[in-house]
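The exercises below are to be worked with the sequence and the model side by side. Each task is followed by a solution in steps.

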Amino acid sequence: MKNILIALWVAFFIFSGAHASLISGDGAFCSIEDGQFQSCWGSSVPLPNNVQEIRQASISKSHGCAVLKNGQVKCWGDNTYGQTEVPQNVTSPKSVVVLWNFSCALYETDSTCWGKLGPNYIIPKGKKIEKLE
């Protein structure tokens, strides 16, 4: 049933001419239209408040992050491990990715991550992870 609803939603926006996209991650889905979240469903990810002018976004089952057109990163949802507390050194990333209990801002040659990576590894807020060659 969910797949049919998604297909109908996509078809509606394709034929209506609206600028829309659908993002998904870990059983959660969110629709974005004209740079703003319209709705989220599946899992427990909430609809973010005051997140507009979205350039790129990523969601997981309990939290999400978005890069805004001004380069600012906004995160929302579950913050048990600090995964929605965006470090001050995160500015104008190319994109963001969120997985389970952590978030990362991706740049051309490195990334900055925050939250919890594994059972015993808490990523220090703003830790840079260098690109491996």
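**Exercise 1. Strand 8 and its hairpin**

Four of the five residues of strand 8 are buried, so the strand is mostly covered. The model is a predicted one.

Task: Establish which strand pairs with strand 8, in which sense and over how many bridges. Then decide whether L106 is buried, partly exposed or exposed.

Solution.
1. Strand 8 spans residues 102–106, and L106 belongs to it.
2. The pairing is with strand 7, residues 95–99; the two are antiparallel and share five bridges.
3. One bridge can be named by residue: S95 has L106 as its partner in strand 8.
4. Two residues separate the strands of this hairpin, and W100 has a positive phi near 40° there.
5. For L106, the relative accessibility is 30%. Buried would require under 20% and exposed over 50%, therefore L106 is partly exposed.
6. Beyond the neighbours within four places in sequence, L106 has contacts with P93, K94, S95, V97 and S111. The C-alpha atoms of L106 and P93 lie 5.6 Å apart, although 13 residues separate the two in sequence.

**Exercise 2. A sheet of three strands**

Task: Give the strand order of the open three-stranded sheet, and state which strands stand at its edges.

Solution.
1. The order is 1-2-3, and the pairing is antiparallel.
2. Strand 1 (20–25) and strand 3 (36–41) each have a single partner strand, so they are the edges, and one side of each has no neighbour in the sheet.
3. On average, neighbouring strands here are turned by 20° against each other, direction ignored.
4. Strand 2, residues 28–33, is joined to strand 3 by five bridges in the antiparallel sense.
5. Within the sheet, I32 is found opposite F37 of strand 3.

**Exercise 3. Aromatic pairs**

Task: The structure holds two aromatic pairs. Classify the pair F29 and W41 as stacked or edge-to-face, then do likewise for F37 and W76.

Solution.
1. A pair of rings is described by the distance of the centres and the angle of the planes.
2. F29 and W41 have their ring centres 6.0 Å apart and their planes at 15°, which makes the pair stacked.
3. F29 is in strand 2 and W41 in strand 3, so this pair ties together parts twelve residues apart in sequence. W41 counts as partly exposed because its relative accessibility is 26%.
4. For F37 and W76, the centres are 5.1 Å apart and the planes make 70°, which is edge-to-face.
5. This second pair links distant parts of the chain, with F37 in strand 3 and W76 in strand 6 (residues 73–77), 39 residues apart. Both F37 and W76 are buried.

**Exercise 4. Nonpolar cores**

Task: Find which residues have the most contacts inside the largest nonpolar core, and which strands each supply at least two of its residues.

Solution.
1. In soluble globular proteins, nonpolar side chains tend to be buried together.
2. The largest core here has 14 residues, and F37 and I54 have the most contacts inside it.
3. At least two core residues come from each of strand 2, strand 3, strand 4 (54–59) and strand 5 (63–68).
4. Neighbours within four places in sequence aside, I54 is in contact with I32, G35, Q36, F37, A66, V67, L68 and K69.
5. A second core, separate from this one, has nine residues, among them C65, V90, V96 and W114.

Definitions and conventions: Residues numbered from 1 in each chain as written. Predicted model: local features only at pLDDT ≥ 70, side-chain atom pairs only at ≥ 80, totals over all residues. Heavy atoms only, no water. Pairing = 2+ DSSP bridges. Axes fitted to C-alpha atoms, helices over the stretch in contact; angles between N-to-C directions. Buried < 20%, exposed > 50% of the residue type's maximum accessible area, 1.4 Å probe, protein only. Contact = heavy atoms within 4.5 Å. Phe/Tyr/Trp six-rings, centres within 6.5 Å; stacked < 30°, edge-to-face > 60°. Core = buried A, V, L, I, M, F, W, Y, C linked by side-chain atoms within 4.5 Å.
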